[in-house]
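Reader: I'm used to gels and assays, not coordinates. Could you walk me through how to read a few features of a model?

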Amino acid sequence: MACLILGLETSCDETAAAVVSDAGDWLDRLKSNVVYSQINEHQDFGGVVPELAARAHLEFLFPVIRKALHNVAHLHEISAFAATCGPGLIGGLLVGATACKALAVINQKPFIAVNHLAAHAQVCRLTQEVPFPFLLLLVSGGHCQFLEVRGLKEYKLLGATLDDSAGEVFDKIARLLEIDGGGRGIEKMAETGDQRRFAVSSPLKDRNNCDMSFSGMKTAFKILIQEKQPLSQQDKSDFAACLQNSITHTLAEKTKWAIKMAASDVRCSGIFVMAGGVAANKKIREAIQNVCNANAFTLVCPPTQFCTDNAAMVAWLGLEMYKAGASDSISFEQRPRWPLETLSLLQKF
Ligand code: KG4
Ligand code: ZN
């Protein structure tokens, strides 16, 4: 019998539920994938308000779960229940994990605690065969790091941002430019912009490693934007294009270093995965593709619907963990911080 996993994602401002199975090709395996984005709840505040997010998760989680199960499975047919338990905003994590634990207890099935970053990292294996080890660039709203991925819970950090993540800079500058949709909005606006109009130097370019820094870039753009007020539509497009170009250039340069620094077995595997919300960006994909081509690596990016926060990635990693024997205690604590390099200490399977 095929196994079915219900996955829940509530770590930030997306309330999401999905069901995946282990039978058939990936379109068959993805039974449902429901995401409710809380954009409306937070738009008046210029960012995600943790308390509002937790309340909205509480309000929307059960309708979202019901929708994910509708015409897919009855609760008693679910083999195990998986939820994001960190890293993320503690209120949201509590709502999702507690609901998931309750479902597992009532249905007498295993509960599986999923690390949000690991879910981003491993979702590429839902849609195609990606053997371990592989090199990973995980680039989202909260994280920006290069890792060697050696298994479901074995990660080695090669380098990371020393301050802001690339996604955070996209979001902050989008807000300053009054562009909706964060990085996605910047990408759209950049289509009609001149990416050479404003020059901002690439951070940490003289460091021979794959550490990154984005806070200086953020401040530089902030100052340029303030100096240019009031902004025309063309100014906004040009800023969007220049920002996208600067972030793309930095990620591409540091990818070269990550490839150099990776252990020889990871280099031999020749697989480079880019995941997380920012990996949805087409220009960044193109640039990383060029670096991979020049270094005999194959680039794997999950389809864009699985790059930004979703529950299919949680259900999928839950399924892989379940098949590897995972089952977590319902006293498993939610973690606002939960670095990937520490995963094997907590995940017993
Ligand atoms: O993975 P994700 O959905 O949430 C976190 O775990 O943080 O990533 C969200 C981030 C946001 O900063 C958003 O602006 C960025 O991903 N993002 C993009 C694009 N789509 C989402 N950045 C650039 N281009 C995009 N198309
Ligand atoms: Zn995420």
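Author: Sure, let's start with the labels. Helices (H or I, at least four residues) and strands (E, at least two) are DSSP runs, numbered from the N terminus. Keep in mind that this is a predicted model.

Reader: Okay, so where does Leu204 sit with those labels?

Author: Leu204 is in the loop between helix H8 (182-190) and H9.

Reader: And what is the sign of phi at Leu204?

Author: The general idea first: most residues other than glycine have a negative phi. Leu204 isn't a glycine, yet its phi is positive, about 50 degrees. Ala296 is another non-glycine with a positive phi, about 55 degrees in its case. You'll find Ala296 in the loop between helix H12 (282-294) and strand E10 (298-300).

Reader: What about peptide bonds: is the one from Gly86 to Pro87 cis or trans?

Author: In general, most peptide bonds are trans. The Gly86 to Pro87 bond is cis, with omega near -15 degrees. Pro87 belongs to the loop that links strand E4 (80-86) and H4. Gln229 to Pro230 is cis too, with omega near -10 degrees, and Pro230 lies in the loop between helix H9 (215-227) and helix H10 (233-261).

Reader: Now helix packing. At what angle do the axes of H3 and H4 cross?

Author: Roughly 35 degrees for helix H3 (residues 50-69) and helix H4 (residues 90-106), whose axes come within 8 Å. The crossing of H3 past H4 is right-handed.

Reader: Which residues of H3 and H4 meet there?

Author: On the H3 side, look for Ala54, His57, Leu58, Leu61, Phe62 and Ile65; on the H4 side, Gly91, Gly92, Val95, Gly96, Ala99 and Leu103. By type, the contact of H3 with H4 has eight nonpolar residues, four polar ones and no charged ones.

Reader: Last one: how many residues surround ligand 1?

Author: There are 19, with Gly141, Asp171, Gly183, Glu187 and Asp309 the closest. To read polar contacts, look for pairs of N or O atoms within 3.5 Å. His116 has a polar side-chain atom 3.1 Å from an oxygen atom of ligand 1, and a polar side-chain atom of His120 also lies 3.1 Å from a ligand 1 oxygen. Val278 takes part through a backbone N or O atom, 3.4 Å from an oxygen atom of ligand 1.

Reader: And how much of ligand 1 does the protein bury?

Author: Ligand 1 taken alone exposes 560 Å², and the protein buries 87% of that.

Note on methods:
Residues numbered from 1 in each chain as written. Chains lettered and ligands numbered in written order. Predicted model: local features only at pLDDT ≥ 70, side-chain atom pairs only at ≥ 80, totals over all residues. Heavy atoms only, no water. Axes fitted to C-alpha atoms, helices over the stretch in contact; angles between N-to-C directions. Left-handed = near helix turned anticlockwise from the far one by under 90°. Contact = heavy atoms within 4.5 Å. Nonpolar A, V, L, I, M, F, W, Y, C, P; charged D, E, K, R; others polar. Near = heavy atom within 4 Å. Polar contact = N/O pair within 3.5 Å; in protein donor to acceptor, adjacent residues only side chain to side chain. Areas by Shrake-Rupley, 256 points an atom, 1.4 Å probe, with all protein chains shown as cover.
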